[in-house]
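I opened the notebook today to look up a few things in this model. Pull up the sequence and the structure alongside my entries, and follow along.

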Amino acid sequence: MKNERVRRKRASPSVKEVSGNGSAKKRKVIGKRLSGQSSGRARGRRVNSSQKNSKRRYLSKVVLDDVEFRVGEDVYVTKEGVDCPESEIEVEECQICGEPGETTMIECDKCLGGFHLTCLDPPLEEVPEDDWACPYCTSGSKPPLKLQAQPGKRRSAREMLLAGELWAARIEKIWSERVGKYLFQARWFLRPEETSTGRQKHTGSRELFRSNQSDINEMDTILRHCYVMSPDEYKHSAHEGDDVFYCEYEYNERWCRFKRIDYENYSLTEGSEDEVYHPCDEESEEELDAEERKSRKPKSANKTKGGGEKTPKAANKRLSSSGGIEEVGTKNLVQRPRKGPQSDFDKARAALTLSAVPPCMPCRDLERAEISAFLKDSVGAGEHCLGHCLYISGVPGTGKTATVREVIRDLESKVDAGDLPPFRFVEINGLRLPSPDHVYTVLYEAFTGQHLGWKKALECLDQRFSRSRSLKGADARPCVLLVDELDVLVNRNQSVLYNIFEWPSRPHSRLIVIGIANTMDLPERMLPRIASRMGLKRISFSPYSHKQLEEIIASRLEGVRIFDKQAAEFASRKVAAVSGDIRRALELCRRAVEVAEARVLERKLASSGGGSNGLTDHVSEEAQPSTLIVTMADVDTAISQLFEAPPIQMMQRASKLAKILLSALVCEQRRSSMAETTLEKVAAVCGELCANNGEEIPDLDTLQGVGSKLGASRLLLCEPGARHKTQKLQLNVPCDDVSFALKKDAGLSWLSKYL
């Protein structure tokens, strides 16, 4: 985002309009210095261990000297060793007359100086809508301001922030401690000069970068409000005053990479309680304890007819970055929900989820050692690192990406310990790209924080890796590029893969590329110029055997004695016979846990006579230990629910030609390692299957009609339009489900040879 994007107009210096939590409020944020603050406070003042262990009382807002600070708002934070007298935080003066005044001021897009409309020669009657530069920037001279020669010139808070004398942060949490301190967790914003790339030509004059680091500060370190907006909000903020900035990227200080912020799905977290702290109404610890004990007692006014405590109606809401509330329904919410102890079923479900990342991947010691040795040799040379390539293959669900990430975490700890030189890490998933060429845009954006088209990004990346010897600082570090789903980046002329694997071969490129795909022979099916650059270093991940799957499940459920050993072995053998996918095994075991929990709860309700409180009681309180075990019957029920889902039943009951078409799609997907194919290619595979097994070869029109019926049932994804031969098709179900549904078909027993 360029700094000429917005035309700004200076607002009145005393009152500022902001929107907070859906309603507009006026706050005195300009021309007022919070009293009682001493200068020279430190950034990130951390609390000691005794304060961390003390009981916290979370707040949603704090009022200091009639100024309200809420969770999710942006503030200036004073910096250690920098004096901030009240005369230095006033509003900015006109660069010609030196007076702040109450009239409208206009800001120059180049020097960021403020000018009264009447002080200009010739004077302006209104603020122009287009970009505007002052006459002094246009002529190359300096404004004849007497204030510039004065050593005691008053500076605005924005000038002090851009000069590195103040910090900008977002309040994430506010709480009070027993010792009487009021603290807040701050998510810091960085100036472009604090990033690895520094201030570039494309960097906006008011652009900040959100850091991935947060610290704990005292509330007294807050100077006043500032406003860090999204780029779209910043475009329409012409009347929002001088303390307005915009943030488009998040900066990872460890890996020195940029990531675009998704403001559509970005939400702020409010405090857990809507309590307000006023400094004038301080309470002692005894009064605070008494107040908390009093608040725990149910009030008579909030009693329902049944004697229970009445909970207010609260709207389900999603708080966006602008503070708006989107109501989508109402339900009863408790004031302070109390979470009971977790049962063994809850612990097992949490351990078997796909998002639960284990500290170490079992059964992959050999592969982990090879990847670790490869990266240590490559990264250990530091700035003298040479480019290398590594290709990792294996069927889905064999732990390829998880193992690489585990090695990266291990190397990260070694960098922190000083055993390895620092390096950069960028991960790109081919399935998340709109097109293969978009990989250039994502890679260049991670390096520099600038979003370019893929053609311009390719040109800049080519220049970067050609002259990488002259790079300094964080740009001179080795970069590990992990490209997942590498086969998706295959285009017609294979130029994307050629560039990715050609850059490491350049001298002083310092680029280490790790490609991950599901096909073992992908290099052999590429052009010779690509296969030669991919090198001979390859690692293949074989599918998990039933013993390995059983070991992984046991490691996940360590400390939770809920799974019968025979049941775990039965689930492991069932999945290993189909695909050896660990994700499918975890899903099957998690579903078996849910089936066992429902069985125990049903037995408990039957024994208690169908009491009304049976659903809310904890399962493990009254059940016998022998019933809290997932048996083989539970696993068999889960298998019938997962492997006999409606899509599988539809495939089993489909016509003969539809089954052949589905099998042909599976064979074509495994052959090309591409999920998407054309009707012409599928017709060729169908003809080959039918010819080899004595079936009548269907014509293209017949196959198109069958594919349309499968697309209507959502078993296939068909491209709209009558493109006939070039119509694109894609399976909408996993290949394992197709194999499971058609492998034992009695009418087409020969399909098992191809599935």
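**Entry 1: cavities.** Before counting, I fixed the term: a cavity is a set of grid points where a 1.4 Å probe fits but cannot get out. The model I am reading is a predicted one. With that in hand, I found 8 cavities of 30 Å³ or more in the structure.

I picked the second largest cavity for a longer look. Its space comes to about 90 Å³. Which residues lie nearest the centre of this cavity? I noted Arg464, Phe465, Asp475, Arg477 and Ser509, out of a lining of 12 residues. By kind, the lining divides into 5 nonpolar, 5 charged and 2 polar residues.

**Entry 2: helix α10.** Arg464 and Phe465 sent me on to α10, where both are buried. This helix covers residues 454-466. I checked its length first: 13 residues at 1.5 Å a residue should span 18 Å, because the expected span is 1.5 Å times one less than the number of residues. The C-alpha atoms at the two ends are 18 Å apart, so the helix agrees with the expectation.

Next I listed who is buried in α10: Ala457, Cys460 and Leu461 join Arg464 and Phe465. Looking down the axis, I saw these buried residues fall within an arc of 125°, so they line one face of the helix. What covers the buried residues of α10? I found strands β20 (424-429) and β22 (511-517) among the covering elements, and helix α9 (438-448) as well.

**Entry 3: two cysteines with positive phi.** I then went through backbone angles and stopped at Cys256, whose phi is near 55°, a positive value in a residue other than glycine. Cys256 sits in the loop that joins β14 (244-252) to β15 (257-260). Is Cys256 buried or exposed? Its relative accessible area is 4%, and since buried means under 20%, Cys256 is buried.

Cys363 is not a glycine either, and I read a positive phi of about 65° for it. I placed Cys363 in the loop between α6 (344-351) and α7 (365-379). Its relative accessibility is 17%, so Cys363 counts as buried under the 20% cut-off.

**Entry 4: Asp419.** My last stop was the loop between α8 (400-417) and β20, where Asp419 is found. Asp419 has a relative accessible area of 56%, and because exposed means over 50%, I wrote it down as exposed. I also noted a pair here: Asp419 and Gly380 are 39 residues apart along the chain, and their C-alpha atoms are separated by 8.9 Å.

Technical notes
Residues are numbered from 1 along each chain as its sequence is written. This is a predicted model: local features need pLDDT of at least 70, side-chain atom pairs count only at pLDDT 80 or more; totals for chains, interfaces and linings use all residues. Side-chain values use heavy atoms; hydrogens and water are left out. Helices (H or I, at least four residues) and strands (E, at least two) are DSSP runs, numbered from the N terminus. Buried means under 20% relative accessible area, exposed over 50%, partly exposed in between (1.4 Å probe, protein chains only). The arc is that of the directions from the helix axis to the C-beta atoms. Contact means heavy atoms within 4.5 Å. On a 1 Å grid over the protein atoms alone, a cavity is a set of points where a 1.4 Å probe fits but cannot get out, and a pocket is an open set with protein on both sides within 12 Å along at least five of seven lines; lining residues have an atom within 4 Å of a point. Grid points are joined across faces, edges and corners, and a volume is the space filled by probe spheres set on the points. Ala, Val, Leu, Ile, Met, Phe, Trp, Tyr, Cys and Pro count as nonpolar, Asp, Glu, Lys and Arg as charged, and the others, Gly among them, as polar.
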